[in-house]
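User: I would like to learn how to read backbone and packing features in a model. Can we go through them one at a time?

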Amino acid sequence: MDWKSFGIGVLGSIIAMDWKSLGIGVLGSIIAAALIYLVARSKGWIEFSFSRWRHDRSVFQRLKAGGLSNFYASRSDFAKYRNAPNLIDYLRTAKHSVVVAGYWMAHGNEAEGIASDIGDLVRRPCERTVTIAIIDPTGPCIPELASYLGIPQDELVRRIESSLLNLYRVRSRLSPEEQHRLTIKAYRTIPIASVIILDGNLPDGRIQLDIKPYRVPRHYSFSFELSGPGSGLYDLCFKAWGSLVSDAPEFDPEHHLASRQPGIATEQQTRRAQT
């Protein structure tokens, strides 16, 4: 086929076309598209609102500016969107420092047996600095916290003490150099959220805040993650929860346990025995 002749023939057909018919055809196509759109909208197949799009875009921009990098609607989302389903997996993503301010690290202590793994975080070759702050089981807000969580007060105290003692025993088995890098604290203030800070003062730092709704299983707590110093919300949270952990005293079984535990020697007792 002579493609040049074919092209000239097609062009000639277009030129010879009845422009009235062409206009009617184009108009008919526009009307048909509009009708299809209206039907789809009425059936709920298509939803578009410019004001909603503008609102969503504004929300996204503000969240990004605040440093929000992830959101978890429940604990199930950790495996889907955090790439670290368990608590220790998440802590291991830190390169230099880990700070935790929690109620008593319930899931990590009771379900994952995390205490010994936390000890490994400070051992060579990792040599991270780890600080764990857990609510003081003798603190003034224990009755209100037990009511908020919907568990008996004596059970709450027992579970907090279990976490503190497990961490304390692990720390006591570390070398003096490793013990210096692992600090266990007990804070007495009202816990608003459980917070994890990983490499907080570094450019790739992260902060995860976990919120527990009133009297529902912990599985339904929701969390959001902030990334990178320099955003207003990240810097605010880093400073605020950093101050909470800094102000908390180090855990001492003689002062922070509701009942004496057999077989627990405090550091003060150990030092006195050595002298």
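User: Where does P125 lie, and what is special about the peptide bond from R124 to P125?

Analyst: Keep in mind that this is a predicted model. Most peptide bonds are trans. The bond from R124 to P125 is cis, with omega near 5°. P125 belongs to the loop between helix 7 (115–121) and strand 3.

User: How do I read a phi value? Which residues have a positive phi although they are not glycine?

Analyst: Most residues other than glycine have a negative phi. N83 has a positive phi of about 60°. N83 is in the loop between helix 4 (76–82) and helix 5 (87–92). D199 has a positive phi of about 50°. That residue, D199, lies in the loop between strand 5 and strand 6.

User: Are N83 and D199 buried or exposed?

Analyst: N83 is exposed, with a relative accessible area of 71%. D199 is buried, at 1%. A glycine can be added here: G150, just after helix 8, takes a positive phi of about 75°.

User: Next, the sheet. What is the order of its strands?

Analyst: The order is 1-7-6-5-2-3-4. This is an open sheet of seven strands with mixed pairing. Strand 1 (68–72) and strand 4 (182–187) stand at the edges. Each has a single partner strand, so one side of each is left without a neighbour in the sheet. From one strand to the next, the twist averages 10°.

User: How do strand 1 and strand 7 run, parallel or antiparallel?

Analyst: Antiparallel, with four bridges joining strand 1 to strand 7 (residues 222–227). Y72 has S223 in strand 7 as its bridge partner.

User: What packs on the sheet?

Analyst: Helix 9 (residues 153–172) does, touching strand 3 (129–135) and strand 4. The direction of helix 9 makes about 155° with that of strand 3.

User: And how many residues of strand 2 are buried?

Analyst: In a regular strand the side chains alternate between the two faces of the sheet. Strand 2 (residues 97–102) is mostly covered, with five of its six residues buried. Six bridges join strand 2 to strand 3, and these strands run parallel. V98 has V130 in strand 3 as its bridge partner. Strand 2 also runs antiparallel to strand 5 (residues 194–198), with four bridges. There V99 stands opposite I197.

User: How do I read a helix with a buried side? Which residues of helix 8 are buried?

Analyst: An α-helix has 3.6 residues a turn, so residues three or four places apart point the same way. In helix 8, I142, L145, A146 and L149 are buried. They cover an arc of only 100° around the axis, which puts them on the same side of helix 8. Their cover includes strand 3 and helix 9.

User: How far is D154 from I142?

Analyst: They are 9.5 Å apart, C-alpha to C-alpha, and 12 residues apart in sequence. D154 is found in helix 9. With a relative accessible area of 60%, D154 is exposed.

User: How do I describe two aromatic rings? How many aromatic pairs does the structure hold?

Analyst: A pair of aromatic rings is described by the distance of the centres and the angle of the planes. The structure holds four aromatic pairs. One of them is Y72 with F78: 5.1 Å centre to centre, 75° between the planes, edge-to-face. Y72 is buried at 1% relative accessibility. F78 is buried at 8%.

Another pair is Y148 and Y214. Their ring centres are 5.5 Å apart and their planes at 65°, so this pair is edge-to-face. Y148 lies in helix 8 (residues 142–149), and Y214 in the loop between strand 6 (206–211) and strand 7, so the pair ties together parts that are 66 residues apart in sequence. Y148 is partly exposed at 32%. Y214 is partly exposed at 48%.

User: Which ring does the charged end of R82 sit over, and which does K212 lie over?

Analyst: The charged end of R82 sits over the ring of Y90, 4.3 Å from its centre. K212 lies over the face of Y103, at 4.5 Å from the ring centre.

User: Last, the whole chain. How many helices and strands are there, and what share of residues is buried?

Analyst: The chain has 13 helices and seven strands. Of its 275 residues, 38% count as buried. Among contacts between residues at least 6 apart in sequence, 69% join residues at least 24 apart.

How values were computed
Residues are numbered from 1 along each chain as its sequence is written. This is a predicted model: local features need pLDDT of at least 70, side-chain atom pairs count only at pLDDT 80 or more; totals for chains, interfaces and linings use all residues. Side-chain values use heavy atoms; hydrogens and water are left out. Two strands pair if DSSP finds at least two bridges between them. Helices (H or I, at least four residues) and strands (E, at least two) are DSSP runs, numbered from the N terminus. Axes are lines fitted to C-alpha atoms, for helices over the stretch in contact, and angles run from 0 to 180 degrees between N-to-C directions. Contact means heavy atoms within 4.5 Å. Rings of Phe, Tyr and Trp (its six-membered ring) pair if their centres lie within 6.5 Å; planes under 30 degrees apart count as stacked, over 60 as edge-to-face and the rest as tilted. Buried means under 20% relative accessible area, exposed over 50%, partly exposed in between (1.4 Å probe, protein chains only). A charge sits over a ring if NZ of Lys or CZ of Arg is within 6 Å of the ring centre and within 35 degrees of the ring normal. The arc is that of the directions from the helix axis to the C-beta atoms.
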